[in-house]
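Here is a set of exercises to work through with the model open in your viewer. Try each task yourself before you read its solution.

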Amino acid sequence: MIYAANWKMNGDREFVHYILSQIKDNILPFLSYGSDIILCPPSIYLSEATDICKNTSIEIGAQDCSAHENGAFTGEVSAQMISDTGSEWVILGHSERRQYHAENNILLIDKLRNAHNAGLKVIFCVGETHQQYNEGTTRETLKDQLSVLDNARLANLNYMIAYEPVWAIGTGLAPELEEIDVIHQFIKKQLIDTAILPKKTRVLYGGSVSPNNAKDIKALASVDGVLVGGASLSSDKFKQICI
Ligand code: PGA
């Protein structure tokens with residue numbers, strides 16, 4: 001089981017030190033065999049996070065990377081720079097990036113290529129809006145978002161998918177368990193149907209994962225892990241989710 005934390009634009013240096021020491025001391029030793037923790041702090045703290053987690057199995061990831069390799073792109077952080085910090089992962093296609101930064105499929109292909117070339121592993125986020133959910137176009141939406149992976153033509157891209165319904169992120173609402181299961185199965189089938197991608201892609205669920213619902217979500221056979229936002233900012237809540 002994968003436990004990925006997306007801290008978004010939260011916390012400060014003190015918080016990063018505190019929560020990492022909590023996770024190292026109070027969660028990691030109790031994690032069940034075969035489980036992994038991936039923590040994604042704001043990029044300014046990546047180096048510190050990789051230093052603190054050195055010699056542990058905790059892996060560190062960024063929340064985004066630039067679509068460009070390098071150059072005059074003020075304020076951007078390249079995939080290579082993320083890799084230089086010792087980070088192994090990058091989240092791409094998060095709905096907040098799609099929504100607030102107008103990220104589209106074309107841009108995401110470039111981001112995927114840069115992440116891949118820099119040796120980063122990718123957590124690729126997909127998910128429908130509430131309107132799409134209500135209109136019954138979830139599958140078409142996901143199919144379109146997943147087409148980026150195929151179109152990027154990266155035969156050995158190291159990645160997993162995070163299925164995060166936009167309407168479930170930060171709202172306290174989550175789909176019914178059966179809906180999560182059906183959609184995860186749909187995503188897996190979709191990836192198998194696209195010939196160039198590895199057959200056993202892990203699919204994480206994200207969107208209002210909490211100590212109250214984590215156990216049931218994790219019990220679904222199609223769920224390989226969770227991507228946790230708000231609840232990962234509390235080491236107590238994150239512990240209840242992981243253990
Ligand atoms: P949430 O966020 O757990 O706060 O809903 C999940 C995410 O955006 O990755």
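**Exercise 1. Classify Arg97 by accessibility, then find its salt-bridge partner in this predicted model.**

Solution. Start with the exposure of Arg97. Its relative accessibility is 24%. Buried means under 20% and exposed means over 50%, so Arg97 counts as partly exposed.

Next, look for an acidic partner. Arg97 forms a salt bridge with Asp64, and their closest N and O atoms are 3.2 Å apart. Now place both ends on the chain: Arg97 belongs to helix H4, while Asp64 sits in the loop between strand S3 (59–62) and helix H3 (79–84). The two residues are 33 residues apart, and the pair links distant parts of the chain.

**Exercise 2. Which residue forms a salt bridge with Lys8, and what parts does the pair tie together?**

Solution. The partner is Glu96, with 2.8 Å between the closest N and O atoms. Lys8 lies in the loop between strand S1 (2–6) and helix H1 (13–27), and Glu96 lies in helix H4 (residues 95–100), so the pair ties together parts that are 88 residues apart in sequence. As for exposure, Glu96 has a relative accessible area of 24%, which makes this residue partly exposed.

**Exercise 3. How far apart in helix H8 are Lys189 and Asp193, and what joins their side chains?**

Solution. First take the sequence: Lys189 and Asp193 are four residues apart in helix H8 (residues 177–193), so about one helical turn separates them. Then take the side chains, which meet in a salt bridge with an N to O distance of 2.9 Å. Lys189 is exposed, at 51% relative accessibility.

To finish the topic, collect salt bridges that share partners: they join Asp64, Arg97, Glu103 and Lys111 into one network. The total count is 10 salt bridges.

**Exercise 4. Describe the largest pocket: its volume, its central residues and the make-up of its lining.**

Solution. Begin with the volume, which is about 680 Å³. There are 24 lining residues, and the closest to the pocket centre are Met9, Gln63, Asp64, Arg97 and His101. Two members of that list are familiar from Exercise 1, where Arg97 and Asp64 form a salt bridge.

Now sort the lining by element. H4 and helix H5 (105–117) are the elements that give two or more residues. H4 provides the largest share, three residues. Sorted by class, the lining has nine nonpolar, eight polar and seven charged residues.

**Exercise 5. Do the same for the second largest pocket.**

Solution. The volume here is about 290 Å³. The lining holds 22 residues, of which Gly170, Ser208, Val209, Gly229 and Gly230 are the closest to the centre. By class, eight are nonpolar, 12 polar and two charged.

**Exercise 6. How many cavities of 30 Å³ or more does the structure hold, and which residues line the largest cavity?**

Solution. There is one such cavity. The largest cavity has a volume of about 30 Å³. Its lining consists of Gly93, His94, Ser95, Arg98, Cys125, Val126, Gly127, Gln145 and Glu164. H4 and strand S5 (121–126) each contribute at least two of these residues. The class split is two nonpolar, five polar and two charged.

**Exercise 7. Work out how strand S7 sits between its neighbours, and which way its residues point.**

Solution. Take the pairing on one edge: strand S6 (residues 159–163) runs parallel to S7, with three bridges. Within this pairing, Ala162 has Leu204 of S7 as its bridge partner. On to strand S8 (residues 225–228), which also pairs with S7 in the parallel sense over three bridges. Here Tyr205 is matched with Val226 of S8.

Then check the directions along S7 (residues 203–206). Val203 and Tyr205 point one way, Leu204 and Gly206 point the other way, and all are buried.

**Exercise 8. Is Ile19 buried or exposed, and which residues does Ile19 touch?**

Solution. Locate Ile19 in helix H1. With a relative accessible area of 1%, Ile19 is buried. Leaving out residues up to four places away in sequence, Ile19 touches Trp7, Ser232, Leu233, Ser234 and Ser235. For a distance check, take Ser234: the C-alpha atoms of Ile19 and Ser234 are separated by 7.7 Å, although the two lie 215 residues apart along the chain.

Technical notes. Residues are numbered from 1 along each chain as its sequence is written. This is a predicted model: local features need pLDDT of at least 70, side-chain atom pairs count only at pLDDT 80 or more; totals for chains, interfaces and linings use all residues. Side-chain values use heavy atoms; hydrogens and water are left out. Buried means under 20% relative accessible area, exposed over 50%, partly exposed in between (1.4 Å probe, protein chains only). Two strands pair if DSSP finds at least two bridges between them. A salt bridge is a side-chain nitrogen of Lys or Arg within 4 Å of a carboxyl oxygen of Asp or Glu. On a 1 Å grid over the protein atoms alone, a cavity is a set of points where a 1.4 Å probe fits but cannot get out, and a pocket is an open set with protein on both sides within 12 Å along at least five of seven lines; lining residues have an atom within 4 Å of a point. Grid points are joined across faces, edges and corners, and a volume is the space filled by probe spheres set on the points. Ala, Val, Leu, Ile, Met, Phe, Trp, Tyr, Cys and Pro count as nonpolar, Asp, Glu, Lys and Arg as charged, and the others, Gly among them, as polar. Contact means heavy atoms within 4.5 Å.
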